[in-house]
Amino acid sequence: LSWINGITIWLPARLIAVAAPWYGPEVLEETGFAPGPVLTGLGLHLLTSVVLGFIFGVVVHRVLRLTTDFALPVYIGAAYGVIVFFVAYFVILPFANPVMRDVYIGALVAQNVIYGLFLGIFYIMLRPRPYPATLREK
C-alpha cells in the first residue's frame, strides 16, 4: 500500500514510532531506512498485533465459547478488525499518536479488516476441532 500511495515503505513504521516516548514527529523528516525508528515502529506494531490477537482468542474461546464451524472465527475476525480500527482511530490515536490520523483512512480500514480475516484463519488453525467435551460443559 505504501508504494501504491507513493510513499516509502519505511514511513508506516516511522509513523508508529512517533508514539514511542523517545521519538517525536521529527522522525518523519528523514527519508529512507533508519534502524532506530523503523525497528521501534515494527516492534510496537508486532506487540500490538500479538496483544490484540490474544484478546481475540480469549474472547472467542473463553467468553463467547464460539465454535470454529462454518469459518465463524473468520467472520468474527473481520468484524474485530473493524472494531479495532474504530477504537484505535477515534479513541487511542488522538492521544497516543495524532500524526497517524493524517494517514489515508481507507488503507487503515483495509489493513485492519485483512488483519482480522487472517486472525480468524489462524485461530481456526490453532484451536482443536471439535472442542473437547470438558470445554463445552463449563
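These are my notebook entries on a predicted model of a single chain.

**Entry 1: the overall layout**

I began by listing the elements. I found 5 helices and 0 strands in the chain, so to speak an α-α-α-α-α order when read from the N terminus. The chain has 138 residues, and 31% of them count as buried. Next I looked up the contacts between residues at least 6 apart in sequence: 59% of them join residues at least 24 apart. For the surface I noted about 8800 Å² exposed, with carbon and sulfur atoms supplying 73% of that area.

**Entry 2: the cores**

Which residues make up the largest nonpolar core? I wrote down 7 of them: Leu15, Ile16, Phe85, Tyr89, Leu93, Met100 and Leu108. Two helices, helix 1 (11-17) and helix 3 (72-96), each supply at least two residues of this core. Helix 3 gives the largest share, 3 residues. I then found a second core, separate from this one, with 6 residues; Phe56, Tyr80, Val84 and Tyr123 are among them.

**Entry 3: Phe85 and its ring partner**

I stayed with Phe85 for a while. Its relative accessible area is 4%, so Phe85 is buried, as the cut-off is under 20%. Leaving out residues up to four places away in sequence, I see Phe85 touching Ile105, Leu108, Val109 and Asn112.

Then I turned to the rings. My count of aromatic pairs came to 10. How are the rings of phenylalanine 85 and tyrosine 89 arranged, stacked or edge-to-face? Their centres are 5.3 Å apart and their planes meet at 25°; the pair is stacked because planes under 30 degrees apart count that way. Both residues belong to helix 3 and lie 4 residues apart, about one turn of the helix. I reminded myself of the background here: an α-helix has 3.6 residues a turn, so residues three or four places apart point the same way.

**Entry 4: around Tyr89**

Is Tyr89 buried or exposed? I read 9% relative accessibility, so Tyr89 counts as buried. Tyr89 also pairs with Phe90, this time edge-to-face, at 5.0 Å centre to centre with 80° between the planes. Phe90 has 46% relative accessibility and therefore counts as partly exposed, the range between 20% and 50%. I could group Phe85, Phe86, Tyr89 and Phe90 into one aromatic cluster.

One more neighbour of Tyr89 went into my notes. The charged end of Arg101 sits over the Tyr89 ring, 4.4 Å from the ring centre.

**Entry 5: helix 4**

I checked the span of helix 4, residues 105-126. Its 22 residues reach 31 Å from the first C-alpha to the last, close to the 32 Å expected at 1.5 Å a residue. Which residues of helix 4 are buried? I listed Ala107, Leu108, Asn112, Gly116, Leu119, Gly120, Tyr123 and Ile124. The cover over these buried residues includes helix 2 (35-63) and helix 3. Three names on that list were already in my notes: Leu108 belongs to the largest nonpolar core, Tyr123 to the second core, and Asn112 is touched by Phe85.

**Entry 6: Asn97 in a loop**

Where is Asn97? I found it in the loop between helix 3 and helix 4. Asn97 has 2% relative accessibility, so this loop residue counts as buried. What does Asn97 contact, leaving aside its neighbours within four places in sequence? I noted Leu15, Ile16, Val18, Ala19 and Ile92. Leu15 and Ile16 are also members of the largest nonpolar core.

**Entry 7: two positive phi values**

I finished with the backbone. Most residues other than glycine have a negative phi, and I looked up two residues against that background. Arg65 has a phi near 55°, a positive value in a residue other than glycine. Ala71 is not a glycine either, yet its phi is positive at about 55°. Arg65 lies in the loop between helix 2 and helix 3, and Ala71 has its place in the loop between helix 2 and helix 3 as well. For accessibility, I have Arg65 as partly exposed, with a relative accessible area of 41%. Ala71 is partly exposed too, at 29%.

How values were computed: Residues numbered from 1 in each chain as written. Predicted model: local features only at pLDDT ≥ 70, side-chain atom pairs only at ≥ 80, totals over all residues. Heavy atoms only, no water. Buried < 20%, exposed > 50% of the residue type's maximum accessible area, 1.4 Å probe, protein only. Contact = heavy atoms within 4.5 Å. Areas by Shrake-Rupley, 256 points an atom, 1.4 Å probe, with all protein chains shown as cover. Core = buried A, V, L, I, M, F, W, Y, C linked by side-chain atoms within 4.5 Å. Phe/Tyr/Trp six-rings, centres within 6.5 Å; stacked < 30°, edge-to-face > 60°. Lys NZ or Arg CZ within 6 Å of the ring centre and 35° of its normal. Expected span 1.5 Å × (residues − 1).
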